[in-house]
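Some labels for residues and pairs rest on a value and a cut-off. The questions below ask how such labels are reached.

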Amino acid sequence: MLATLNGRAVEAHAGESILDLARREGLDIPTLCHLKGLSPSGACRMCVVELDGRPGLVTACSQQVQEGMAIHTHSPRAVEARKTIVELLLANHPDDCLYCVRSGDCRLQELAQTHGVRRRRWPAGMRHHRLDVSSPAIGRNPDKCILCGACVRVCEERMGVGAIDFTGRGSSTVVAPAFLGDLNLSTCVGCGQCIAVCPTGALREQSHLDRVVAALEDPEQVVVVQHAPAVSVSLAEEFGLPAGTDLNPQLVAALRRLGFHYVFDTAFAADLTVREEAAELVQRITHGGPLPLFTSCSPAWVRWLEQERPELLPHLSTCKSPQQMMGAVVKSAFARMKGLDPARIFSVSIMPCTAKKAEAARPEHAREGLADVDAVLTVRELARLLRQRGIRLTELKPDHADLPLGMRSTAGKLFGASGGVTEAALRTAHFLITGEDPPPMRVEVLHGTEGLRFATVQAGILQLRVAVASGLLQARKLVDEIQQGLHPHLHMVEVMSCPGGCVAGGGQPLSRDGDDAERRRAVRHAALLRVDDEGMLRRPHRNWAVGELYRDELGEPLSQRAHELLHVHRERPREVEA
Amino acid sequence: MVQACDMDLVDALLARHGACGRQDLIPLLQEIQEAEGFLSRAALRRVAAHLHLPESKVYGVATFYNQFRFQPRGRCAIAVCRGTACHVKGSAAVLAALQRELRIQAGATTRDGLFSLDVVSCIGACGLAPVIAVGDDYHAGVSPTQVPGIVASYRAKLQALGEGVLEPSTSVEEVLA
């Protein structure tokens, strides 16, 4: 189909939007509300363009290209309209960019800059709303909301949660949970995908930076840090390096410079999780436990299951997540090994996730009044701290994590992407069942991009049937199918709440738009696979440090001590009546 | 005062509808309000569960439309006309005076359950502007200074009635005559 774009003849695909055509042709039309892959809403009007023969401007995101269409993306009228839209948005926006967490990383601020907005054109007509700091994961500041609806659509259409929506109408519209309630009482699972798409500072993570800095300054505290598998492959983006660069050794060095006394790798705990979870799987298969076994490492998924399908909680692995296993080991076995009082240990984790903040705060993740993990920083918060402390990441001498809890297999590293937990678990389950390591190291199908993936792996006489759900929306679909009896022979189901897994988590560096987000997800995932391909130690059960932990502390997987430290026994949450 | 819908009635209404989808949301809300006079949280939650919709979606839709209310009407419902003619004649000041006097916003009900206050777009009595309807009575040419007296007279009537129902004292016809 032929059309002209700013006077140039171009070929458009059938059904292609003007926005997609322009971006394919190397022309950026600004957007605030557009989300790749979700329904166009046309709410923000930033993408308006002029068409020959049409009196009004049309939104490029929702208008399909038609044969012979003459499109003017940056005509004086279109550009002027965009500037006016920015000015109108600013009329109901606080002028506090200097104090805003998103300053320098805000789409609205950027558009005001590029459109030359140099003064407030209309007097401020601010509507003031209450801050919502009720959630342990996500903070809301509706004053900064421009009502683009990106968070609403991501929460409902991509995650299938629908914790927030537009309430009211017209100038009194506000994005809020049901009954204008607080986020902690809503169905929010804390995944933070809303933050990832928010163009302004209306949504952010609940910051733990202050308490981490306070602990680092406190001479009485021994501050221990762990970093999650998907952190080392994304941190580079915060410092202008190409996405997909693995900065693991520099990250370790930087954490030491910040003053952490011990630097550990969450992938160690992932190996430990694999040992426990593979043993749990084999035990359920041989002793007739509830199958399929659901993985429990993604806290937003655990919360979702508790809320939406409590009857299926017996399927959930009793294993704590790697973050919490590490926390428990640090304040028990490690403390004893070093002769430290667990009460003096301050345990920090660096996570690509906001739900991990909520997970760390759950009461079952504390023993004798001490939380297993005291503070959780997102990748964005860590980057802020590194910048504040003037640490030049790339110029640091590479360093190694501390032993023994910094020792990891590269399978543990795979936990950072959808499919990786299953792959890691299969390597060890195969060994448990047959006594031999599985022949192919990579089960390719597990690393595909479809939301739901199935694989069958031969382990001796047993065929292990596994499913991978990438994103809560896919998880809901799979769970529905399981409840309808469509998958009677599945052994294990891996669920990552965020589509793509932790590499695309709600605590990761922010993307510019949907294309950018997809590209970053793919290269972060590829970086993790590369780490595994090049790894010397690729099987969780070969991690000698985990082996020593069993020898010295835990005994066997699923032992009583392992249960005390590494497992939770969930009570079914009571139904809350309206 | 805790205000709740009769949930048995809501459940019966939903059961009568059987399986339905998101396109039935607004008709269901209308029926519940028709029967109960307002939409309680519990009723909205029940509708969300029935339609497999997020509560936030149901609440969002319900708050979008002016026709839905979230508190029961007071024993005496006050409607302030905000049509063009009434606006020109100063209905905004009358509404403000009522909100001050009753200590509630438009759309709400006083805590003692005596009065509810609503805004309507046009009563159709532009010759009487600014006009308010108090229960079934109409008051023409209302000024803000009259508001405390009007409210006090109905409060006295309601208190004298006890549990009884307020009868209309004037009709549009009488006012017009």
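Q: Why is Asp402(A) called buried?
A: In this predicted model, Asp402(A) has a relative accessibility of 17%. Buried means under 20%, so Asp402(A) counts as buried.

Q: What makes Arg256(A) and Asp402(A) a salt bridge?
A: Their side chains meet at 2.9 Å, N to O. The cut-off is 4 Å between a side-chain nitrogen of Lys or Arg and a carboxyl oxygen of Asp or Glu, so the pair qualifies.

Q: Which parts of chain A does the pair of Arg256(A) and Asp402(A) tie together?
A: Arg256(A) lies in helix α7 (residues 248-258), and Asp402(A) lies in the loop between α12 (379-388) and α13 (410-413). The pair therefore ties together parts that are 146 residues apart in sequence.

Q: Why is Arg256(A) called partly exposed?
A: The relative accessibility of Arg256(A) is 26%. Partly exposed is the range between under 20% and over 50%, so Arg256(A) counts as partly exposed.

Q: How do you know that Arg130(A) is exposed?
A: Arg130(A) has a relative accessible area of 52%. Exposed means over 50%, so the label applies to Arg130(A).

Q: What links Arg130(A) and Asp182(A)?
A: Their side chains meet in a salt bridge at 3.2 Å, N to O. Arg130(A) is in the loop between α3 (107-114) and β6 (138-140), while Asp182(A) is in the loop between β8 (174-177) and α5 (193-197), 52 residues apart. Asp182(A) is partly exposed, with a relative accessible area of 24%.

Q: Why are Arg538(A) and Asp532(A), which meet in a salt bridge, buried or exposed?
A: Arg538(A) has 16% relative accessibility, and Asp532(A) has a relative accessible area of 0%. Buried means under 20%, so Arg538(A) counts as buried and Asp532(A) is buried too. Their salt bridge is 3.1 Å, N to O.

Q: How many salt bridges does a search of the whole structure find?
A: The search finds 55 over all chains. A network of salt bridges links Arg23(A), Asp28(A), Arg107(A), Glu110(A) and Arg512(A).

Q: What makes Pro290(A) partly exposed?
A: Pro290(A), in the loop between α8 (266-287) and β12 (293-294) of chain A, has 33% relative accessibility. That value falls between the limits for buried, under 20%, and exposed, over 50%, so Pro290(A) counts as partly exposed.

Q: Which residues is Pro290(A) in contact with, leaving aside neighbours within four places in sequence?
A: Pro290(A) is in contact with Arg284(A), Pro314(A) and His315(A).

Key: Residues numbered from 1 in each chain as written. Chains lettered and ligands numbered in written order. Predicted model: local features only at pLDDT ≥ 70, side-chain atom pairs only at ≥ 80, totals over all residues. Heavy atoms only, no water. Helix = DSSP H or I, 4+ residues; strand = E, 2+ residues; numbered from the N terminus. Buried < 20%, exposed > 50% of the residue type's maximum accessible area, 1.4 Å probe, protein only. Contact = heavy atoms within 4.5 Å.
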